[in-house]
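Visitor: I have a model here and some labels I'd like to challenge. Can you walk me through them?

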Amino acid sequence: MPLVNLKEVLDWAEERNVAVPAFNIDNIDIAQSLMMAAEEERKPIIFAVGQGAIRTGRLELLAGVVKTLAAGSSLPVVLHLDHGASFEQTLACIRAGFTSVMFDGSPLPLAENIAQSVLVVRAAHAVGVSVETELGAIPGVEDGIAHSGPAKVSLSDVETFIHAVDTDALAVSIGNAHGMYKTAPKLDIELLQKIRNLNAEVPHLVLHGGSGLGDGVIRTAVSNGIRKINVATEIRLAYLEGLHSAAGSQDIYTHIAAARNSIIEVARAKILLFTTKADERGNL
Ligand SMILES: [Zn+2]
C-alpha cells in the first residue's frame, strides 16, 4: 500500500498502548531485511533516514527503496527523516516523498527551536506530512553528531513548546542516550508521567536511543506513553556482525543472507517487545 504518515501509526500505537519501532536504514539490504522482519510480525514499521545516509547521497535512493517496499506490502509503512538539520532539509525530504519529518531544534535556544519547528509544521501539515520535534538534546553520538547538553528535558519547556508547536510527535530526553549504553541507563519515568499529564494536548512521545535498553526499561516506558522508539545502533551492529560471520565465504549472497538473518532476528525481537500489549505479557 502507499506510505502512511507517522501520526497514523502512532495513533494506532496509542489505541493499543504500544510503541512502533523506527529503524534507521543505511542501505538497501538493511531496509529490505527490516521489511521482512515487519512482514513476519505483521506490524507497522517506520523507516528512518538519518544524517549519515543523507551525507553519503542516499536521500532519494532510500526514499525510492522504501516506497517500493511499501508498495509490495499490505502493512502500514512510514518514511521518516531522522534528526532533520534544517527547514530546507525537511522540505527536500517532503519533495522526495517522505511522509514524516523530524526537525531537531534541540541544540537551539527554546524560542528559536519553537520558531523553526512552527515553520516545519506549517509546511509539512499543508501536504499531509507528520512532524516530530525534539526538546532537551539527547546526549551521545549519532551519525557523527554529538550532543552533551542536559540529560533531561524541563517540564516547563515541554509545556511552553507544545502550546506553541502543533507537533505530531515529540522526542524527549528522560535519561536516554544515543549509541550503546556504557552503564545501565535510568529513565525518569516520573518525568514521563508528568509530561503525559500536562494540561494540554500532549503529542505522541518518542524515545531515541533505544539500542541497548533492557526489556524491562522498554516495557515501563511504553506502558507510560512512549509510542515510538528509535533503534539505529543495534541494527547497524546486527548487519555488521552478520557480514563478519560470513567472512570466510567468497560468495556475496552468503554475506547478504547472513547479514539479513542477523537483522531480522534483532528487528523481530524489537517489534515484538515494542508492540506487545502490557496485559498480554503477564507480570511486568
Ligand atoms: Zn536520535
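Guide: Sure, let's take the labels one by one.

Guide: This is a predicted model, where local features need pLDDT of at least 70, side-chain atom pairs count only at pLDDT 80 or more, and totals for chains, interfaces and linings use all residues. Residues are numbered from 1 along each chain as its sequence is written, and side-chain values use heavy atoms, with hydrogens and water left out.

Visitor: What makes His 83, His 178 and His 208 donors of the zinc ion?

Guide: Donors are N, O and S atoms within 2.8 Å of the metal (3.2 Å for Na, K and Ca). His 83 (NE2), His 178 (NE2) and His 208 (ND1) coordinate the zinc ion at 2.0 to 2.1 Å, so these nitrogens qualify under the cut-off. Water is not among the atoms, so a site may look incomplete.

Visitor: Which spacing do the donors follow along the chain?

Guide: The pattern is H-x94-H-x29-H. His 178 sits in the loop between β8 (169-172) and α8 (189-196), and His 208 in the loop between β9 (204-207) and α9 (215-223), so the pair ties together parts that are 30 residues apart in sequence. Helices (H or I, at least four residues) and strands (E, at least two) are DSSP runs, numbered from the N terminus. The chain has eleven helices and ten strands.

Visitor: Why is Glu 60 called exposed?

Guide: Exposed means over 50% relative accessible area, buried under 20%, and partly exposed in between (1.4 Å probe, protein chains only). Glu 60 has 56%, so exposed is the label. This residue is found in helix α4 (residues 59-71). Both His 178 and His 208, on the other hand, are buried, as are 54% of the 284 residues of the chain.

Visitor: How do you know that the chain agrees with a compact globule?

Guide: The radius of gyration is taken over C-alpha atoms, and the globule rule is 2.2 Å times the number of residues to the power 0.38. With 284 residues, that gives a value near 19 Å; the chain has 18 Å, which agrees. Its C-alpha atoms fill a box of roughly 60 × 45 × 35 Å, taken along the principal axes.

Visitor: What share of the contacts with a separation of 6 or more comes from residues 24 or more positions apart?

Guide: Such residues account for 70% of them, where contact means heavy atoms within 4.5 Å.
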